Amino acid sequence: MATTHARADAQFAQGLARAFAGAVIFGLPLLMTMEMWWLAFTMQPTRLAVLVALFLPLLVALSWHVGFEPTFDWKEDILDALVAFAVGTATAVVVLSLLGALTTEMGPREWVGKVSLQAVPGSIGALLAQSTLGEAGAGSDVRGGRTTYFSELFIMAIGALFLAFNVAPTEEVLLIALQMSEAQALVLALASLAVMHAFVYSVAFRGRPQEHGQAPWWSLLARFTVVGYAIALLLAGFLLWAFGRLDGLLRGATARMVVVLGFPASVGAAASRLML
């Protein structure tokens, strides 16, 4: 019995160390992005609270799909989600302090804003550490290989959210949207759909479900590519709203911004199977 507990503790410690590594790798680009530092004191507190509140249940579901250690029920998934968020928080504090972006002279609002915001991508990296940094196949047996349609859509949403999160805070999204015509935005939307379909269902990437290669292209296009792109656009719009990027914009500029951010979001959705 003691040996079993010791093995379990060692496995958890290894998973936790891997989670920190994943948080650093996945979160470092945003930890070194100036726009993310600015958002700490320009972002409305209520929007930050909504972002974090909606993000925590998503972490629980992500833990069920692929966490940094094997889990067997929702209680363990909730615990792992909280641990992942704590890992993301600790990583943000350490790295931002090392970079001089977090100092004792800053007020509580800036501390909470910077750390909470940076903990979001860091915690995703912490949970994805098992599939990206762990041993091949580790953890897949506890999920039993049960892949449903909604599971596929959820995995696509995670990929879209992660990649869009890396781009949404930047000023370039607004700049591109303002210099783009409506016709160009339409072409970009169609190109996003084409890229998504080519990424996942025309190119034999690792992780593509076998049944996708047997279904008609139009069925996959309707059930996965179009729906996945709609999810990518919804998440892009939500992130832009949360970061205050849509405030004061006319309807046309708002739509173009969502389409612009929807491009990396759609690529992230299509490539999600490479990470999960």
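1. Read along its sequence, this protein follows the pattern α-α-α-α-α-α-α-α-α-α-α, and the count agrees with that reading, at 11 helices and 0 strands. A reader new to the structure should keep in mind from the outset that this is a predicted model.

2. On the chain as a whole, buried residues make up 49% of the 276 residues. Among the contacts with a separation of 6 or more, 83% are accounted for by residues 24 or more positions apart. The protein exposes about 13,400 Å², and carbon and sulfur atoms supply 70% of that area.

3. One feature of the surface deserves a look: V24, L28, M32 and L99 form a nonpolar patch there, and together these residues have about 320 Å² of accessible area. Of this group, V24 lies in helix α1, which covers residues 2–31. V24 is described as partly exposed because its relative accessible area is 33%, a value that falls between the 20% limit for buried and the 50% limit for exposed.

4. A second residue to examine is S123, which lies in helix α5, spanning residues 108–133. With a relative accessible area of 0%, S123 is buried, since that value is under the 20% cut-off.

5. What does S123 touch, leaving aside residues up to four places away in sequence? The residues in question are F55, L59, A84, F85 and G88. In addition, a polar atom of the S123 side chain lies 2.8 Å from the backbone oxygen of V120, so that this pair is within the 3.5 Å limit used for a polar contact.

Conventions. Residues numbered from 1 in each chain as written. Predicted model: local features only at pLDDT ≥ 70, side-chain atom pairs only at ≥ 80, totals over all residues. Heavy atoms only, no water. Helix = DSSP H or I, 4+ residues; strand = E, 2+ residues; numbered from the N terminus. Buried < 20%, exposed > 50% of the residue type's maximum accessible area, 1.4 Å probe, protein only. Contact = heavy atoms within 4.5 Å. Areas by Shrake-Rupley, 256 points an atom, 1.4 Å probe, with all protein chains shown as cover. Patch = residues over 30% accessible without salt bridge, like charges linked within 9 Å, V, L, I, M, F, W, Y side chains within 5 Å. Salt bridge = Lys/Arg side-chain N within 4 Å of Asp/Glu carboxyl O. Polar contact = N/O pair within 3.5 Å; in protein donor to acceptor, adjacent residues only side chain to side chain.
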